[in-house]
Structure formats: C-alpha cells, structure tokens
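Please open the model in your viewer and keep the sequence panel beside it, since each stop on this tour begins with a selection. The route goes from strands to a core, and then to empty spaces.

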Amino acid sequence: SSYYAFVLILGVQLFTLTLISMNSMRIEWEQRGHEERLREANRAERQSRERLEATLHAIPDLLFEMDAYGRYLEAFSSDPDLIAAPREQLIGRPVSDVLPAEAAATVMQCIHAALARGSDRGRTISLDVPGGRRWFELSAASKGGPGVRLANVMLLSVSVWSGHAGS
C-alpha cells in the first residue's frame, strides 16, 4: 500500500512537472510571439516615421502646429530662408512674440477660424525673412475638428511671391 502511494505521488509529481514544463514552453512561445509582434510594430512605426519625415522634407513650404493661443508647438521647414526664426526660437513662443503685429493678428484670425469651422484658407501675410521680403498664403486645419476650442491647428504657410526681381 505504501508502494502504491509512492507510485501515485511519483505519478502526480511527474504529471505536475510535465504540466509546469508544458506551461513554461507555452509562455516561452507566447513571449516569442509577443516579441515578434513588438518587433513588427516597431518596424512599422519606424517606416511610418521615415515616410512622414520624407514627406515633410519634400514640402517646400512651412508647416506649423500651433495651439489655440497662437503658441508654436512644432515647426517644419526644408528651406531656412523662408522661416522667420530658427525652429528652436519658435517652439513654445506665441506668434505675437515672433511676427510683426499685423502678420501675427492675421495668423491668429486664421487659427480661430480653423478652430470654429475646421479649416481656413486664403489669408495672406508679408514678412521679411532671411531670403528677403516674402508673401505667404495661409491654410489651417483644426486637429480636433470644427468647434473644438482647445484643439491644436496645423498651419501651412505657402510662399506665393517674393520681393526680388526674377522670382
């Protein structure tokens, strides 16, 4: 009877070890699957970021992300002769600290219209930038859709005319 108890206990222990081993193998396979899915997600995110960066570098115009108060949150420019100040000097500052009063007021009107209606187009400003006197047409879109008061705005500033002859 003690022999049968010993065999039974040994069988239960062997069965338990087998279950533990199988569970460990299953966890290892799941981790490998998660690791592979994580690697794939990281690869897709990196490719998406590279496509976005290539797109931004291909755009000859200025693109800004601004908040409802006119603060620069992000700035993209592939042409330093078009931007009023280097990116590092723009981020976190309100447009009224960077641009002349009339141009800043027009940018704020564009931002407010985009927040109210979802988008705004056709306003123009003129600026003295490193490349000379330029006129820019503004297009803006709210990132939160129309009527979202504190959404951010993407503002595209397209150089439509320069002040030098031959441009």
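Begin by selecting residues 119-129 and 132-142 of this predicted model, which are strands β3 and β4, an antiparallel pair joined by 10 bridges. Where one strand gives way to the other, look for the hairpin, in which 2 residues lead from β3 to β4. For a single register point within the pair, pick Thr124, whose bridge partner in β4 is Glu137.

Keep Thr124 displayed and add Thr106, a residue of helix α4. Setting aside neighbours within four places in sequence, Thr106 is in contact with Thr124 itself, as well as with Arg123, Ile125 and Leu138. Is Thr106 buried or exposed? Its relative accessible area is 14%, and because the limit for a buried residue is under 20%, Thr106 counts as buried.

Move along the helix to Ala113, which is also found in α4. Ala113 is buried too, with a relative accessible area of 8%, and its contacts, leaving out residues up to four places away in sequence, are Gly118, Ser119, Asp120 and Arg123. If you draw a distance from the C-alpha atom of Ala113 to that of Ser142, the viewer should give 9.1 Å, although 29 residues separate the two along the chain.

Next, colour the largest nonpolar core, which has 30 residues. Phe64, Leu99 and Val107 are the residues with the most contacts inside this core, and the elements that contribute two or more residues to it are β1, β2 (72-77), α3 (95-98), α4 (101-117), β3, β4 and β5. Which element gives the largest share of this core? That is α4, with 8 residues. Centre the view on Leu99 and show its surroundings: not counting residues up to four places away in sequence, Leu99 touches Tyr72, Ala84, Ala104, Val107, Ile125 and Leu127.

Stay with Leu99 and turn on a display of internal voids. By the rule applied here there is 1 cavity of 30 Å³ or more, and the volume of the largest cavity is about 120 Å³. It is lined by 17 residues, of which Phe64, Tyr72, Leu99, Leu127 and Ser157 are the closest to its centre. Select β1 (62-66), β3 and β5 (153-162) together, as each of these strands supplies at least two residues of the lining of the largest cavity. Coloured by character, this lining shows 16 nonpolar residues, 1 polar residue and no charged ones.

For the last stop, turn to the largest pocket, with a volume of about 220 Å³. Select Glu53, Leu56, His57, Glu74, Ala75, Phe76, Ser77, Ser78, Pro80, Ile83 and Arg87, the residues that line it. Both α1 and β2 supply at least two residues of this lining, and β2, with 4 residues, has the largest share. The lining of the largest pocket divides into 5 nonpolar, 3 polar and 3 charged residues.

From Ser78, one of the residues lining the largest pocket, draw a final distance to Ala58, which lies in helix α1 (residues 2-58). The C-alpha atoms of Ala58 and Ser78 are separated by 7.5 Å, with the two residues 20 apart along the chain. Ala58 counts as exposed, because its relative accessibility is 61% and the limit for an exposed residue is over 50%.

Technical notes:
Residues numbered from 1 in each chain as written. Predicted model: local features only at pLDDT ≥ 70, side-chain atom pairs only at ≥ 80, totals over all residues. Heavy atoms only, no water. Pairing = 2+ DSSP bridges. 1 Å grid on protein atoms, 1.4 Å probe; cavity = no way out; pocket = protein on both sides within 12 Å on 5 of 7 lines; lining within 4 Å. Points joined across faces, edges and corners; volume = space filled by probe spheres on them. Nonpolar A, V, L, I, M, F, W, Y, C, P; charged D, E, K, R; others polar. Core = buried A, V, L, I, M, F, W, Y, C linked by side-chain atoms within 4.5 Å. Buried < 20%, exposed > 50% of the residue type's maximum accessible area, 1.4 Å probe, protein only. Contact = heavy atoms within 4.5 Å.
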